[in-house]
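Reader: Hi! I've got a structure open and I'd like to walk through a few residues with you. Can we start now?
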Amino acid sequence: MTLAPTPHTVVLGAGAWGTALAIGAARHGAARVTLWARDAAQAATLAARRENPRYLPGQALPDTLQVTSGDALALAASADLVVIGTPMAALREWLTALRGLQAPVAWLCKGFERAPADDQPGLLGHEIAARVAPALRTGVLSGPSFALEVARGQPTALVAASAHAAVRDALVAAFHGPTLRVYANDDVAGVEVGGAVKNVLAIATGLCDGLDLGLNARAALITRGLAEITRLGLALGARPDTFMGLSGLGDLVLTATGDLSRNRQVGLLLARGQTLEQAVASLGHVAEGVYSARTVAQRARQLGVDMPITEAVVALLEGRLRPAQAVAMLMGRDPKSEGA
Ligand SMILES: NC(=O)c1ccc[n+]([C@@H]2O[C@H](COP(=O)([O-])OP(=O)(O)OC[C@H]3O[C@@H](n4cnc5c(N)ncnc54)[C@H](O)[C@@H]3O)[C@@H](O)[C@H]2O)c1
Ligand SMILES: O=P(O)(O)OC[C@H](O)CO
C-alpha cells in the first residue's frame, strides 16, 4: 500500500539523528519538512551553509528542507507530524509541552529516563507519554540506523512503532522511500526496550573489543545480551518476536559491532583507560547507554529479571569494578541452561 506523503513534518532537535532524518524525509518522504534547532545561531549556520557542521559535517541539506529556531510550539501546531529528535533527557519536557496537539507525535530517542531515585523507576518514552500526555497520539521511530549513513542515503530499515495506526502511517508516509524502508509495528514496549538496552550492551562489547578479549567473547556478549533484552522486554509486556526484528537483534548487532556507535566508543575508550567523564566529553554527542544503564538494572531488579551483563556495565560506569574484574564476574557465574 502506498501512502500519500505527509504534508508537513516538523523535526524538533537538530542533532545528528534529527538532522539525518530531516534530510531523509526531505529527499523522499514528506511534502514539506522543517528542522527546528533550539539554538538560533546554529539554525542560522544550517540555513546559510546548507549543512550541519557540528553534528553531520559534509552532509548537504536538501534545498527543500527548511531550518528554523522560531516558536517551536506554533510550528508544531502547524504540522501534520511532529518528530522529537532530542536526547531522552528532554523527552518529558517536550511531550508535556506538546500534550494538546491533534497531530501525531513520535520520538527518536532510545533509552530509559534516568531514575529519579532508587525506589522511583526511570521510564521508557511510551510510559512518560502515558503519564504526561495521555491524549496525545504517540509513537517511536527506531531500528538499526547510524545518522551518517542515513544522511548519505545509504540503505537503511527502520521501525515505526505505535499503538495508533494513524501514527504508524504518518511515520511511513513521512520517511519511507528508495533508501529508507520503514516497517510498522504495534509493539511499542518491545521496540523501546530493544532500542534502550542495546546501548548498554554496546558499551559492553566496546569494552570487550578494547580489551582484546576476542571475537568469541563478543559473540557471547551479543547473544546473552539479546537474552537480557528479551527477558526484560517480556516482563514489560513486549512480544517475543519483536526482539528478533530490526529494533532488537538488528539494532543490537549494528550498535555492538559498528564503530560509528557512540555507546560502543564509550566502551572502547574506557578499555583504553579513559575515565567515564573523559570518554563522554570526547564524543560530543549523547551516548544514551551511559544514562540508561542504571535505570535498566533498577527496572530489572524490581521485576525480578536477571541481567548480569547490564549489572556489570553499571558497576563499571559507577567505578565499582575494573574491566578485568567485570570479566571475571561474568565468567565466574554458576553454570546454567541456555534457555533459563
Ligand atoms: N545518532 C544516531 O545515529 C542515532 C540513531 C538512532 C537513534 N538515535 C537517538 O536519537 C537521540 C538523539 O541522538 P543524536 O545522535 O541526534 O544526539 P546528538 O548528541 O547528536 O544531538 C542531540 C541534539 O539535541 C539537542 N537538544 C538537547 N536537549 C534539547 C532540548 N531540551 N530541546 C531541544 N533540543 C535539545 C541538542 O542541542 C542537539 O542538537 C538519542 O536518544 C539517540 O539514542 C541516534
Ligand atoms: O551511536 P549510538 O550508539 O547512539 O547508536 C546509534 C543508533 O542507535 C544505532 O541504531
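Reader: Which residues does UniProt place under the feature "binding site"?

Author: Good place to start! This is a predicted model, and the UniProt record, an unreviewed entry, puts that feature at Lys110, Gly143, Ser145, Lys198, Asp251, Ser261, Arg262 and Asn263. Of these residues, the lining of the largest pocket includes Lys110, Ser145, Lys198, Asp251, Ser261, Arg262 and Asn263.

Reader: Cool. Where is Lys110, and is it buried or exposed?

Author: Lys110 sits in the loop between β7 (105-107) and α5 (125-132). Lys110 counts as buried because its relative accessibility is 12%, and the cut-off for buried is under 20%.

Reader: What does the side chain of Lys110 reach at 2.9 Å?

Author: That would be the backbone oxygen of Gly143. Lys110 also touches other residues farther along the sequence, including Ser145, Lys198 and Asp251.

Reader: And Ser145, where is that one found?

Author: Ser145 is in the loop between β8 (138-142) and α6 (147-152). A polar atom of the Ser145 side chain lies 2.9 Å from the backbone oxygen of Gly143. Among the residues Ser145 touches are Trp17, Lys110 and Asp251.

Reader: Switching topic: which helix holds Ala312?

Author: Ala312 belongs to helix α14, residues 308-317. With 3% relative accessibility, Ala312 counts as buried.

Reader: Which residues does Ala312 touch, leaving out those up to four places away in sequence?

Author: Ala326, Met329 and Leu330.

Reader: How far apart in space are Ala312 and Pro121?

Author: They are 19 Å apart, C-alpha to C-alpha, and 191 residues apart in sequence.

Definitions and conventions
Residues numbered from 1 in each chain as written. Chains lettered and ligands numbered in written order. Predicted model: local features only at pLDDT ≥ 70, side-chain atom pairs only at ≥ 80, totals over all residues. Heavy atoms only, no water. Helix = DSSP H or I, 4+ residues; strand = E, 2+ residues; numbered from the N terminus. Buried < 20%, exposed > 50% of the residue type's maximum accessible area, 1.4 Å probe, protein only. Contact = heavy atoms within 4.5 Å. UniProt positions renumbered as here; feature names shortened; annotations may be inferred. 1 Å grid on protein atoms, 1.4 Å probe; cavity = no way out; pocket = protein on both sides within 12 Å on 5 of 7 lines; lining within 4 Å. Polar contact = N/O pair within 3.5 Å; in protein donor to acceptor, adjacent residues only side chain to side chain.
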